[in-house]
Amino acid sequence: MADSIDKRLDVCGVCCPLPIIRLGESIAALKPGQTLEILGNDPVFEASVRDFCHANGHTILAVRPLDHRCIAVLIRVRA
Amino acid sequence: MPPADGPSAAPHPPANARRKGTILLVSGELDKALVAFEVAAGFQAMGMDISMWFVLYGANCLLKPRALLSPGKWWRRLGAGPGRVPETDVGLQHLVRGLNPSGAAHLPLSQLNFGGIGPWAIRRIMRAKGMAPLEDLIHRARDLGVRFTICQICVDAMAFAVPDDLIVPAEVKGVSTYYLEVAAADYNVAF
């Protein structure tokens, strides 16, 4: 799984709306079909990423809770 | 309206049909400016094209930071540039410019201001919580592609020099342009 991730983004420590702003910037630099893993700990982080992907047609492949309220979300960029 | 192609129920419109929104900022208060820019930057990142309009004190957050007693506020000619009509200037505009808070770092709060202690406290809390300060949000909004427009009458009356007085580029337009943008947008809000 790990070797299929094209980009990793860590937005731990910042809160809404910065995670989706940085997610949008990172996804814009990726090609369709590539994958990005974003790591965050904002209380509304998972919902923000889900809403972003829903609004823009990206696919959420996996959601992994980590330590210290951190959550890792794996996204496939819309084809 | 452009013709819809494909199933219109799709939650994400094609990239060439991004939704549009306008945000009108009238208030020169830190709390309202923060909300306006958080919504603007957040919506733009979500995929909506946001156009921000600034009237009256709303433009204060876009000005270069100048403290109340800084010479740049009091000992300077009234600004020149697009939207200005210098021949109708009056001396009172110097007083308005001098007293008007200049820059995101000098905005008061609408409540709990306590002579500037409130904004200081809010900034400290925001920093501890990982929230972006207003100056940062303004630059992020600009980088994301949010467009900024200042009302021409306000530019003239408040004697703003565009772009020299501003921290980000902005256009100077009138209410007819605002109307066209509002009529074409799905989301219009004023703070």
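Student: Taking two residues to be in contact if their C-beta atoms, placed from the backbone, lie within 7 Å, how many residues of chain B are in contact with chain A?
Tutor: In this predicted model, where local features need pLDDT of at least 70 and side-chain atom pairs pLDDT 80 or more, while totals for chains, interfaces and linings use all residues, 14 residues of chain B are in contact with 13 residues of chain A. Residues are numbered from 1 along each chain as written, with chains lettered from A and ligands numbered from 1 in written order.

Student: Which element gives the most on the chain B side?
Tutor: H1(B) does, with five residues, and both H1 and helix H5 (134-144) of chain B supply at least two each; helices here are DSSP runs (H or I, at least four residues), strands likewise (E, at least two), numbered from the N terminus.

Student: And how do H1(A) and H1(B) cross?
Tutor: The axes of H1 (residues 18-28) of chain A and H1 (residues 30-46) of chain B come within 9 Å and cross at roughly 35 degrees, with axes fitted to C-alpha atoms over the stretch in contact and angles running from 0 to 180 degrees between N-to-C directions. Ile20(A), Ile21(A) and Gly24(A) meet Ala41(B), Gly42(B), Ala45(B) and Met46(B) there.

Student: Switching topic, what is the element order in chain A?
Tutor: From the N terminus on, the order is β-α-β-α-β-β, giving two helices and four strands.

Student: What are the spans of chain A along its principal axes?
Tutor: The C-alpha trace spans about 30 × 25 × 20 Å, and the radius of gyration of chain A is 11 Å, which agrees with the value near 12 Å for a compact globule of 79 residues (taken over C-alpha atoms; the rule is 2.2 Å times the number of residues to the power 0.38).
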